[in-house]
Amino acid sequence: MSVAAAADCAPPERPFLPQSREDIREYADLLRSDFEGYIADIQEYFRCLDAERQRAFQEAREVSEDYGKLVELLE
């Protein structure tokens, strides 16, 4: 994953839940769909964050190795 791709890890919007029971009943199918979509999207978001975390650790390891080489060359 490139740094640009990692920047695409955007959290999904929290689904709206009406306060009124009547509205909830009236829009039940739409609300259910919104909540199910959110659950799928948040799982994808977590996968994206996990991939970014892995990429960042690998980069930090490489930078640390490069720094070690720099220190050796300067001694």
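**View 1. R55 is a buried residue, with a relative accessible area of 19%.** The view is taken from a predicted model. R55 counts as buried because its 19% relative accessibility falls under the 20% cut-off. The residue has its place in helix α3, which covers residues 28-74. A polar contact of 2.8 Å connects the side chain of R55 with that of E52. In the protein as a whole, 13% of the 75 residues count as buried, and R55 is one of the buried residues.

**View 2. E52, R55 and E59 form a linked network of salt bridges.** Between E52 and R55, the side chains meet in a salt bridge with an N to O distance of 2.8 Å. The side chains of E59 and R55 meet in another, at 2.9 Å from N to O. R55 thus takes part in the salt bridge with E52 and in the salt bridge with E59. Along helix α3, E52 and R55 are 3 residues apart, so about one helical turn separates them. E59 and R55 are 4 residues apart in helix α3, and therefore they too are separated by about one helical turn. Within this network, R55 is buried at 19% relative accessibility, whereas E59 is partly exposed at 39%. As a general point, side chains of opposite charge can pair when their charged atoms come close.

**View 3. R32 and D29 are joined by a salt bridge between their side chains.** The N to O distance of this salt bridge is 3.6 Å. Both residues lie in helix α3 at a spacing of 3 residues, which means that about one helical turn lies between them. R32 has a relative accessible area of 47% and is partly exposed. D29, with a relative accessible area of 61%, is exposed, because the value is over the 50% cut-off. For the protein, the count of salt bridges comes to 4; among them are the pair R32 and D29, the pair E52 and R55, and the pair E59 and R55.

**View 4. Y67, L70 and L74 make a nonpolar patch on the surface.** The area of the patch is about 370 Å². One of its residues, L74, has its place in helix α3. L74 counts as exposed, with a relative accessibility of 68%. For the protein, the accessible surface comes to about 6600 Å², and carbon and sulfur atoms account for 54% of that area.

**View 5. R53 is an exposed residue of helix α3, shown together with Y67.** The place of R53 is in helix α3, and its relative accessible area is 54%. R53 counts as exposed because this value is over the 50% cut-off. Y67 follows at a distance of 14 residues along the chain, and the C-alpha atoms of R53 and Y67 are 21 Å apart. Y67 also belongs to the nonpolar surface patch with L70 and L74.

**View 6. D8 lies in the loop that connects α1 and α2.** Helix α1 covers residues 3-6 and helix α2 covers residues 21-26, with D8 in the loop between them. D8 is exposed, at a relative accessibility of 60%. D8 and R25 are separated by 17 residues along the chain and by 35 Å between their C-alpha atoms.

**View 7. The protein as a whole contains 3 helices and 0 strands.** From the N terminus, the order of elements is α-α-α. Along the principal axes, the C-alpha trace spans about 75 × 20 × 15 Å. The radius of gyration is 22 Å, whereas a compact globule of 75 residues would have a value near 11 Å. Of the contacts with a separation of 6 or more, 65% are between residues 24 or more positions apart.

Conventions:
Residues numbered from 1 in each chain as written. Predicted model: local features only at pLDDT ≥ 70, side-chain atom pairs only at ≥ 80, totals over all residues. Heavy atoms only, no water. Helix = DSSP H or I, 4+ residues; strand = E, 2+ residues; numbered from the N terminus. Buried < 20%, exposed > 50% of the residue type's maximum accessible area, 1.4 Å probe, protein only. Polar contact = N/O pair within 3.5 Å; in protein donor to acceptor, adjacent residues only side chain to side chain. Patch = residues over 30% accessible without salt bridge, like charges linked within 9 Å, V, L, I, M, F, W, Y side chains within 5 Å. Areas by Shrake-Rupley, 256 points an atom, 1.4 Å probe, with all protein chains shown as cover. Rg over C-alpha atoms; globule rule 2.2 N^0.38 Å. Contact = heavy atoms within 4.5 Å.
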